[in-house]
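Got the model open next to the sequence? Let's take a walk through it, one region at a time.

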Amino acid sequence: MPTSRIDDSDDPVLTTAAAARLLGVAVSTTQLWLESGALPSWKTPGGHRRVRQSSVQRLLAAKAGQPQPAHVGPGTDPEFRPGPAPGHPLPQDEKARLAAVAASGLVDSAPEPVFDRLTWLATQVTDCPMALVTVLTSRRQWFKSRIGIDLAETPRDWAFCSHAIVQEEPLMVEDATRDVRFAANPLVTGPLHVRFYAGVPLVDAGGHALGTLCVLDREPRRLRAREIKALQELAAIAVEELRRRG
């Protein structure tokens with residue numbers, strides 16, 4: 001890794017796949033640029049190439065014949081930058097987490113069978129009617145996969161998952177109407193009538209929780225130990241899929 005480091009929250013580290021998405025070229029092409037030195041990079045102990053986002057931006061500027069910036073941050077899209085005084089808890093790494101969400105390319109991406117299988121399995125092992133794979137931007141809770149819910153997204157302030165990603169252990173809400181954090185939540189008071197929630201954070205290779213795998217019910221309840229374990233195992237599969245793409 002370069003000895004002169006810029007804070008990851010301002011200049012995130014990208015995988016080869018994430019760099020390829022920013023460059024608009026194939027992963028194989030990006031790999032060649034990394035190996036040739038056209039894009040300054042380094043190898044992790046596991047042998048994977050990593051590159052700073054600023055290096056990718058400089059290459060884009062050079063290709064376009066534009067002046068090369070000394071440093072480019074995570075972008076100007078407010079959806080991937082912390083907003084003022086949110087009505088939900090924030091992880092300590094929120095700025096870097098949002099940059100990782102942007103780099104993942106997950107938000108507004110097409111449905112994928114691998115995630116749809118996981119949400120279906122989550123409903124089966126917990127006997128819950130609703131399951132989601134969520135991704136949290138600064139403004140939205142967007143559903144990469146969903147079962148039992150017609151909504152494609154909600155405001156971030158509504159997200160039970162905002163509370164789940166600030167802790168390492170699964171979050172379980174047995175009766176949302178009796179929990180001061182959620183009793184007035186539109187997902188609870190509105191047509192969905194959510195009463196129960198259990199969510200496991202989905203943590204990328206950089207240690208950032210991008211979202212969760214979660215299950216919900218319209219009746220108060222609690223998961224047994226084996227059901228929680230099953231949900232954690234399914235979340236681990238989702239995490240493996242996310243990290244494999246890097």
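What follows goes from the start of the chain to the main sheet and then to a group of aromatic rings.

First, some housekeeping: this is a predicted model, where local features need pLDDT of at least 70, side-chain atom pairs count only at pLDDT 80 or more, and totals for chains, interfaces and linings use all residues. Residues are numbered from 1 along each chain as its sequence is written, and side-chain values use heavy atoms, with hydrogens and water left out.

Helices and strands here are DSSP runs, numbered from the N terminus (helices are H or I with at least four residues, strands are E with at least two). Start with strand β1 (residues 13-15), which pairs with strand β3 (residues 49-52) in the antiparallel sense over 3 bridges; strands count as paired if DSSP finds at least two bridges between them. Thr15 has Arg50 as its bridge partner in β3. Trp42 also has Arg50 in β3 as its bridge partner, and Trp42's neighbourhood, strand β2 (residues 42-43), is joined to β3 by 2 antiparallel bridges. β2 and β3 make a hairpin with 5 residues between them, and Gly47 in the turn has a positive phi of about 90 degrees.

Side chains in a regular strand alternate between the two faces of the sheet. In β3, Arg49 and Val51 point one way, Arg50 and Arg52 the other way, and all are buried. Buried means under 20% relative accessible area, while exposed is over 50% and partly exposed lies in between (1.4 Å probe, protein chains only).

Now for helix α1 (residues 16-23): 6 of its 8 residues are buried, so the helix is largely enclosed by the rest of the structure. Those buried residues are Thr16, Ala17, Ala18, Ala19, Ala20 and Leu23. Just after α1, Gly24 takes a positive phi of about 75 degrees.

On to the main sheet. It is an open one of 6 antiparallel-paired strands in the order β6-β5-β4-β9-β8-β7, with β6 and β7 at the edges, each pairing on one side only. Neighbouring strands are turned by 25 degrees against each other on average, direction ignored. Helix α4 (residues 94-104) packs on this sheet, touching β4 (130-136) and β9, and its direction makes about 85 degrees with that of β9. Helix α5 (residues 113-126) lies across β4, β5 (140-147) and β9, at about 75 degrees to β5. Contact means heavy atoms within 4.5 Å; axes are lines fitted to C-alpha atoms, for helices over the stretch in contact, and angles run from 0 to 180 degrees between N-to-C directions.

Within the sheet, 8 bridges join β8 to the antiparallel strand β9 (residues 209-217). Tyr197 stands opposite Leu216 in β9.

Tyr197 also brings us to the rings. Rings of Phe, Tyr and Trp (its six-membered ring) pair if their centres lie within 6.5 Å; planes under 30 degrees apart count as stacked, over 60 as edge-to-face and the rest as tilted. That rule gives 2 aromatic pairs. Phe160 and Phe182 are stacked, 4.1 Å centre to centre with 10 degrees between the planes. This pair links distant parts of the chain, 22 residues apart. Phe182 is buried, with a relative accessible area of 1%. Phe160 and Tyr197 form a tilted pair, 5.2 Å centre to centre with 40 degrees between the planes. Both Phe160 and Tyr197 are buried. Phe160, Phe182 and Tyr197 together form one aromatic cluster.
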